[in-house]
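Colleague: I'm new to reading models like this one. Could you take me through it and show how each label is earned?

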Amino acid sequence: MNFALTDDQAMIRDAAAGFLADASNSAAVRRAMASAEGFDVAVWQRIGGELGWCGVAIDEAHGGMGLGPVELVLIQEQAGRRLLCAPFYSSVCVGAPLLQELATDAAQAKYLPRIAAGTLRTAVPTYGAIEEWVAEASHLHARAVGKGWVLEGELHYLMDGASADLLLVYGKLDDGGLGLFAVPRTARGVVVTSLKTWDPTRRFADVKFAGVTAGERIDDPARVDAGVLRMASLARLYLAAEQLGGAQQCLDMTVEYTAGRKQFGRPVAGFQAVKHRCAQMMVQVESLRSAVYGAAALAAGAVDTEALALECAMAKAMASEAFFFCAQEAIQLHGGVGFTWEYDPHLYFKRAQASSHWLGTAEQLRERMAQLLLDSPAA
């Protein structure tokens with residue numbers, strides 16, 4: 001498989017790196033963390049309007065650029081490198097695939113053009129295995145009343161739930177099945193409670209539904225079986241790309257700091273023990289990059305759904321461990337200042353720790369990979 005980027009793909013990567021180096025530098029991230037919204041609205045408007053990133057992997061018929069997973073992975077890598085505080089992942093990397101893979105044609109035509117334009121932000125669940133999505137959906141009951149639905153219950157940890165325009169949630173039906181619903185966040189009966197979590201660069205919320213009648217059922221039964229697995233695979237791939245960017249930045253910060261820090265009259269980077277630990281970080285990062293780019297190339301082609309699920313689960317498991325390893329090494333090699341508020345390694349450590357649980361831990365994903373392999377005809 002050829003992982004070489006085309007000229008256009010390299011241009012997208014470089015443009016994202018250049019923009020985010022300024023718009024999402026350390027000072028900008030800290031301002032966004034302290035803001036009421038949790039992100040810079042002006043930066044978000046530029047991402048959706050001027051840069052067009054929100055529509056990269058959305059087809060042209062729905063207002064997007066009609067590119068694909070590889071291009072979105074390249075942007076996500078840079079977003080993770082700069083800890084971008086924005087509803088980009090929840091809306092573009094999970095919300096859009098959820099609609100593309102599971103929703104009816106009418107729902108796609110209604111919502112995808114607005115996501116592509118950056119004018120619609122979605123909140124989504126980020127649980128682990130598919131079984132956890134089903135278990136959590138049981139807490140939201142969807143009852144058919146006439147031609148509409150009444151939603152009752154509560155869901156937990158919706159990413160960007162407090163700032164989203166639209167909640168994309170699963171509810172349990174009277175017949176025991178599940179339905180996918182699109183609910184405006186400001187609908188009557190929707191009560192959103194912001195949560196204070198371990199990672200201050202990304203917001204979550206609990207949402208209570210008290211007799212909500214504004215929910216629109218949007219799932220297409222013909223697409224659900226394969227669609228859920230492919231959507232979850234893409235969401236894991238884009239999260240792994242974000243973790244790859246974070247791991248790379250931890251390495252870069254550490255190399256820069258140790259090169260400038262002196263002990264016994266020489267740079268710390270010159271000590272063999274420090275060189276070895278930085279080399280270990282680099283090996284983790286480059287191995288992960290191969291896994292993520294390989295899964296992205298696979299997703300861009302006509303690939304079997306289970307094969308894609310296997311590759312993306314592997315990439316996410318590797319990414320969680322590599323990011324955590326690089327973040328903890330960055331703190332250690334920064335010495336006494338590594339964990340202080342003024343330095344950034346602790347922000348990456350928190351993102352690494354938190355994101356390792358989103359869409360499945362490494363242990364859960366390895367178990368999932370084992371199931372896929374053992375259940376395959378070849379096994």
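**Inside helix H4**

Modeller: Let's start with helix H4, whose buried residues are Pro69, Val70, Glu71, Leu72, Val73, Leu74, Ile75, Gln76, Glu77, Gln78, Ala79 and Gly80. Keep in mind that this is a predicted model.

Colleague: What makes H4 count as largely enclosed by the rest of the structure?

Modeller: Twelve of its 13 residues are buried, so H4 is largely enclosed. The cover over those buried residues includes helix H1 (7-23), H5, H8, helix H9 (272-300) and helix H11 (345-355).

Colleague: How do you know what span to expect for H4?

Modeller: You take 1.5 Å times one less than the number of residues. For the 13 residues of H4 the expected figure is 18 Å, and the helix reaches 18 Å from its first C-alpha to its last, so the two agree closely.

Colleague: Why is Gln76 called buried or exposed?

Modeller: Buried means under 20% relative accessible area. Gln76 has 1%, so it is buried. This residue of helix H4 is in contact with Phe88, Tyr89, Cys93, Tyr238, Ala241 and Glu242, leaving aside neighbours within four places in sequence.

**Two unusual phi angles**

Colleague: What follows H4, and what is the sign of its phi?

Modeller: That's Leu83, with a positive phi of about 50° although it is not a glycine. Leu83 is in the loop between helix H4 (69-81) and helix H5 (88-102). Its relative accessible area is 2%, under the 20% cut-off, so Leu83 is buried.

Colleague: And Tyr157: why is it called partly exposed?

Modeller: Partly exposed runs between 20% and 50%, and Tyr157 comes in at 48%, so that label fits. Tyr157 belongs to strand S3 (residues 148-159), and its phi is positive too, near 55°, in a residue other than glycine.

**The nonpolar cores**

Colleague: What makes a group of residues a nonpolar core?

Modeller: The members are buried residues from a set of types such as Ala, Leu and Phe, joined through side-chain atoms within 4.5 Å. The largest one here has 94 residues, and those with the most contacts inside it are Ile47, Phe88, Tyr89, Ile218, Leu237 and Val292. Helix H8 (residues 221-260) gives the most to this core, with 14 residues. A second, separate core has 19 residues, among them Leu151, Leu158, Leu173 and Ala187.

Colleague: Which residues does Ile218 touch?

Modeller: Not counting residues up to four places away in sequence, Ile218 touches Leu99, Leu102, Ala103, Thr104, Ala107, Tyr111, Leu168, Leu180 and Ala182.

**Cysteines without a bond**

Colleague: How many disulfides are there, and how do you know that Cys312 isn't in one?

Modeller: The count is zero. A disulfide needs two cysteine sulfur atoms within 2.5 Å. For Cys312 the closest cysteine sulfur, in Cys93, is 12 Å away, so that is too far for a bond. Cys85 is in no disulfide either, as its nearest cysteine sulfur, again that of Cys93, is 15 Å away. Relative accessibility is 6% for Cys85, which counts as buried, and 0% for Cys312, which also counts as buried.

**Salt bridges**

Colleague: Why is the pair of Arg30 and Asp344 called a salt bridge?

Modeller: The cut-off is 4 Å between a side-chain nitrogen of Lys or Arg and a carboxyl oxygen of Asp or Glu. Arg30 and Asp344 have N and O at 2.7 Å, so they qualify. The pair links distant parts of the chain, 314 residues apart: Arg30 is in helix H2 (residues 26-34) and Asp344 in the loop between helix H10 (305-333) and H11. Both residues are buried. The total is 16 salt bridges.

Colleague: What makes Glu329 and Arg277 a link between separate parts?

Modeller: Glu329 lies in helix H10 and Arg277 in helix H9, so their salt bridge ties together parts that are 52 residues apart in sequence. Their closest N and O atoms are 2.8 Å apart. Glu329 is buried at 8%, whereas Arg277 is partly exposed at 28%.

Colleague: Which residues are joined into one network?

Modeller: Asp199, Arg202, Glu242 and Arg351 are, through salt bridges that share partners.

Notes. Residues numbered from 1 in each chain as written. Predicted model: local features only at pLDDT ≥ 70, side-chain atom pairs only at ≥ 80, totals over all residues. Heavy atoms only, no water. Buried < 20%, exposed > 50% of the residue type's maximum accessible area, 1.4 Å probe, protein only. Helix = DSSP H or I, 4+ residues; strand = E, 2+ residues; numbered from the N terminus. Contact = heavy atoms within 4.5 Å.
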